[in-house]
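Reader: I've got this one open in my viewer and I'd like a close look at a single part of it. Could you pick one element and talk me through what it touches, then work outwards from there?

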Amino acid sequence: MPTLRWNDNFNVGVEQFDLDHRHLFELLKSCYDNLTSVPPVGDFGCSLDAFIDYATDHFNEEEKWMKANNYPKFAEHLNLHDRFMTKIIEIRFDCIEGRNSLSVGILDFVKYWLTNHVWAADTSYGRFAASNSNHLRRRSYADREPSVHPTAYACQSQHAPRGSVHCG
Ligand SMILES: [Fe+2]
Ligand SMILES: [Fe+2]
């Protein structure tokens, strides 16, 4: 099982996405902390929703960047994002509706997917960026459009602002 500790192997070399990835790691760590601490700290469901909201926004930004820069593996990468989001949303709704329970096993699934995705698929577009650095279109944080994730109603949080977790 890969560790959730950040190291330089996870850097893709596109600053805004490296910052996003670090924040996703922090959000997932908060999920573990909230789930396993005694007494409980915060609301675990809401901390998972904050992770899902941020991941949704991050994936959207990566996909816009790949499309704008004609990344050759765009369709393949989009499929990886979509399959993960379909799975985690299904798990989350099963928990909300009582067909499943939030657990360390669910977080381990997310950790496994996230670390492997960043290390393998995201670093691949990082190498593409490095070899095409003179032609890339950049997006700034100011260009970002906030997204509202389907799980937002669960904790009334809507989209978590960059750099903060406000419901868990
Ligand atoms: Fe990513
Ligand atoms: Fe990605």
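**A close look at H1**

Author: Let's start with a crossing: H1 passes H4 in a left-handed sense. Before going on, keep in mind that this is a predicted model. H1 covers residues 15-36 and H4 covers residues 104-131, and the two pack with their axes 10 Å apart, at an angle of about 165°. Angles over 145 degrees count as roughly antiparallel, so that is the label for H1 and H4.

Which residues of H1 meet H4? On the H1 side you can pick out Phe17, His21, Leu24, Leu28, Cys31, Tyr32, Leu35 and Thr36. Facing them from H4 are Val104, Leu107, Val110, Lys111, Leu114, Val118 and Asp122. Sorted by class, the H1 contact with H4 holds 11 nonpolar residues, plus 2 polar and 2 charged ones.

Now swing round to H2. H1 and H2 pack at about 165°, with 9 Å between their axes. That angle therefore makes H1 and H2 roughly antiparallel to each other, and H1 passes H2 in a left-handed crossing. From H1, the contact uses Phe17, Asp20, His23, Leu24, Leu27, Leu28, Ser30, Cys31, Asn34 and Leu35. H2 answers with Phe44, Ser47, Leu48, Ala50, Phe51, Tyr54, Ala55, His58 and Glu62. The class count for H1 with H2 is 12 nonpolar, 5 polar and 2 charged.

If you've been ticking off names, Phe17, Leu24, Leu28, Cys31 and Leu35 come up in the contact with H4 and again in the contact with H2. Cys31 is a nice one to click on. Skipping its neighbours within four places in sequence, it is in contact with Phe44, Ser47, Leu48, Phe51 and Leu107. Phe44, Ser47, Leu48 and Phe51 belong to the H2 side of the packing, whereas Leu107 sits on the H4 side.

That brings us to the core. Nonpolar side chains in soluble globular proteins tend to be buried together. Here the largest nonpolar core has 17 residues, and Leu27, Leu28, Cys31 and Phe51 touch the most other members. H1, H2 (44-68) and H4 are the elements that give two or more residues to this core. H2 is the biggest giver, with 9 residues. Apart from this core there is another one, of 6 residues, and its members include Val14, Tyr71, Tyr125 and Phe128.

What about the stretch ahead of H1? Leu4 is found in the segment before H1. With 16 other C-beta atoms within 10 Å, Leu4 comes out as partly exposed, because that label lies between buried and exposed. Leaving out residues up to four places away in sequence, Leu4 touches Phe25, Leu28, Lys29 and Lys111. Take the pair Leu4 and Lys29: they are 25 residues apart in sequence, yet C-alpha to C-alpha they are 7.6 Å apart. Leu28 and Lys111 also showed up in the H1 contact with H4.

Moving outwards, H4 has another partner in H3 (74-96). The axes of H3 and H4 come within 12 Å and cross at roughly 170°, so H3 and H4 are roughly antiparallel too. His77, Leu80, Phe84, Ile88 and Ile91 in H3 meet Ile106, Val110, Trp113, His117, Ala121 and Tyr125 in H4. This H3 contact with H4 divides into 9 nonpolar and 2 polar residues, with no charged ones. Val110 is shared, then: it is listed against H3 here and against H1 earlier.

A couple of loop residues are worth a click as well. Asn70 sits in the loop between H2 and H3, and has a positive phi of about 50° even though it isn't a glycine. Asn70 counts as exposed because there are 11 C-beta neighbours inside 10 Å. His135 is in the loop between H4 and H5 (152-155), and is exposed too, with 9 C-beta neighbours inside 10 Å. The C-alpha atoms of His135 and Asn69 are separated by 8.0 Å, although the two residues are 66 apart along the chain.

To zoom right out: the protein has 5 helices and 0 strands, in the pattern α-α-α-α-α along the sequence. Of its 168 residues, 27% count as buried. Take the contacts between residues at least 6 apart in sequence, and 73% of them join residues at least 24 apart.

Notes: Residues are numbered from 1 along each chain as its sequence is written. Chains are lettered from A and ligands numbered from 1 in the order in which they are written. This is a predicted model: local features need pLDDT of at least 70, side-chain atom pairs count only at pLDDT 80 or more; totals for chains, interfaces and linings use all residues. Axes are lines fitted to C-alpha atoms, for helices over the stretch in contact, and angles run from 0 to 180 degrees between N-to-C directions. Helices (H or I, at least four residues) and strands (E, at least two) are DSSP runs, numbered from the N terminus. Angles under 35 degrees count as roughly parallel, over 145 as roughly antiparallel, 65 to 115 as roughly perpendicular and the rest as oblique. A crossing is left-handed if the near helix is turned anticlockwise from the far one by less than a right angle, and right-handed if clockwise. Two residues are in contact if their C-beta atoms, placed from the backbone, lie within 7 Å. Ala, Val, Leu, Ile, Met, Phe, Trp, Tyr, Cys and Pro count as nonpolar, Asp, Glu, Lys and Arg as charged, and the others, Gly among them, as polar. A residue is buried if 20 or more other C-beta atoms lie within 10 Å of its own, exposed if 12 or fewer, and partly exposed in between; C-beta atoms are placed from the backbone. A nonpolar core is a set of buried Ala, Val, Leu, Ile, Met, Phe, Trp, Tyr and Cys residues joined through C-beta atoms within 7 Å.
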